[in-house]
Every structure is written in structure tokens, then in C-alpha cells.
Amino acid sequence: MTATTHVSPPRLWDIFFSWASVGVQSFGGGASTLYLIHRMCISRGWLSEAEFARAWALVRVAPGINLIKLTILIGHQLRGAAGILAAVAGLLLPSASITVLMTAGFAVVREWPLVRTALRGVMPATVGLSLALGVEMARPLLGHAHREGRTSLLIHVGILIGATLALAVGQLSPIVVLVLSGALGAWLLRSPSAHVPPASDRTQR
């Protein structure tokens, strides 16, 4: 990954409180947490859209909890080992404390009709968050592909649709989909210039 776009690294307290804010607001599951991390990194200039997309793709090919791996990766990029500790502590400590309290309270109110109805409304909202984040991450990537030319755009769109179908319909493992997509992209998107001899060589012939 490329280096952070910040001239000077953020302070550890800034990293901790930023991730603590994400942890406190992480209602609705992993999709909402990913959305908040994405918005935080982009708004603070810690990562570009392309860097965030690469980071998310990278953590998905390694075992473990994706959001924790993403937090570790970004924390390390910002401030090294200290950044990892600040980011992970900020993400987990507030949210874990709130979860413990909410679990105890939910045991009391979970059978209330209003609570059960509200939980039914949370699920489509979570799906909507996932779709919105997907659109935000895809827009700059497809924009770059469009600037490269129609062929590059068609390849990117094809891989995007193919990966979606492989996961939703084919029930393939995410790691298999990522590996196959990477191999396909490396083959289809290889630079033609790699096969063209330098100008100095061509003029000598």
C-alpha cells in the first residue's frame, strides 16, 4: 500500500478517539462499522478511496475478523505498532463495554413487541448500508477504469458482476472469488506496454 497522504502522522489520541467514535456508533453489524471506518478514513485524509479499497481487498484474503484486520492495517500505516494499539483499543473498548450493558438490558426487553418490530427494521437498513458502501468504493475505481478506456471499464464491470454472482449464486468462498478475480484481472488488465520494446531498441532495428 502507498503511504498515508498526511504530511505528519495523526496523534495517537486522535487515532484512539476516532476509532472509539466508530465503536460507539457501530449499530447494525459489520456493514455499519465498515461504513463508519470508510467515512472516517476518507474525511480525515488518512486514505484515498483507492487505498481503502485495496486495504479492504487485502484483509479479506487473510484469515480472521475482517474489521479487526482492517483496523490493524490502517493503524499500522498511520503510526506503526503504537497506531495499531490505539486503533484496536479505540474500536473495541467502548463498543465492548456498551455491548455488555446492552446484552443485560436486552434480556429484559427482547420480548417487547416494539423491540421485536424495531429489530425487523434494522436488517434491511443493514443491507442498505452495505449497498451504499459498495457504490462509494466502486465509483472511483470504475471512474479510473473509464479514463483508461472502454475495454478497461468493461473488464472491471465484468469482474464486479462475476464476483457478485459467484458469491450470491455460486456460494463460492470469498477467498476463492478474490484469488480468481485477481488472476483474471492480472491477465486481462496487463499493460500492453510491457510487451512493447523500448523506443531506443526499435530505432536501432
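In the predicted model, the buried residues of helix H2 (buried meaning under 20% relative accessible area, exposed over 50% and partly exposed in between, with a 1.4 Å probe and protein chains only) are Ala31, Ser32, Thr33, Leu34, Leu36, Ile37, His38, Met40 and Cys41. Helices are DSSP runs of H or I with at least four residues, numbered from the N terminus. The buried residues of H2 pack against helix H1 (12–25), helix H3 (49–60), H4 and helix H5 (113–148), where contact denotes heavy atoms within 4.5 Å. The end C-alpha atoms of H2 (residues 30–43) are 20 Å apart, which agrees with the 20 Å that its 14 residues should span at 1.5 Å a residue, the expected span being 1.5 Å times one less than the number of residues. H2 is followed by Gly45, whose phi is positive, near 75 degrees.

Thr71 lies in helix H4 (residues 66–109) and counts as buried because its relative accessibility is 1%. Neighbours within four places in sequence aside, Thr71 is in contact with Trp19, Ile37, Ala87, Val88 and Leu91; of these, Ile37 is among the buried residues of H2.

On the surface, Leu58, Val61, Leu172, Ile175, Val176, Val179 and Leu180 form a nonpolar patch with about 560 Å² of accessible area together. Helix H7 (residues 174–188) contributes four residues, the largest share of the nonpolar patch. Val176, found in helix H7, is partly exposed, with a relative accessible area of 37%.

Residues are numbered from 1 along each chain as its sequence is written. Local features need pLDDT of at least 70, side-chain atom pairs count only at pLDDT 80 or more, totals for chains, interfaces and linings use all residues, and side-chain values use heavy atoms, with hydrogens and water left out.

Conventions: Helices (H or I, at least four residues) and strands (E, at least two) are DSSP runs, numbered from the N terminus. Patches are made of residues with over 30% relative accessible area and no salt bridge: like charges are joined within 9 Å, nonpolar side chains (Val, Leu, Ile, Met, Phe, Trp, Tyr) within 5 Å. Accessible areas come from the Shrake-Rupley method with a 1.4 Å probe; for residues, only the protein chains shown count as cover. A salt bridge is a side-chain nitrogen of Lys or Arg within 4 Å of a carboxyl oxygen of Asp or Glu.
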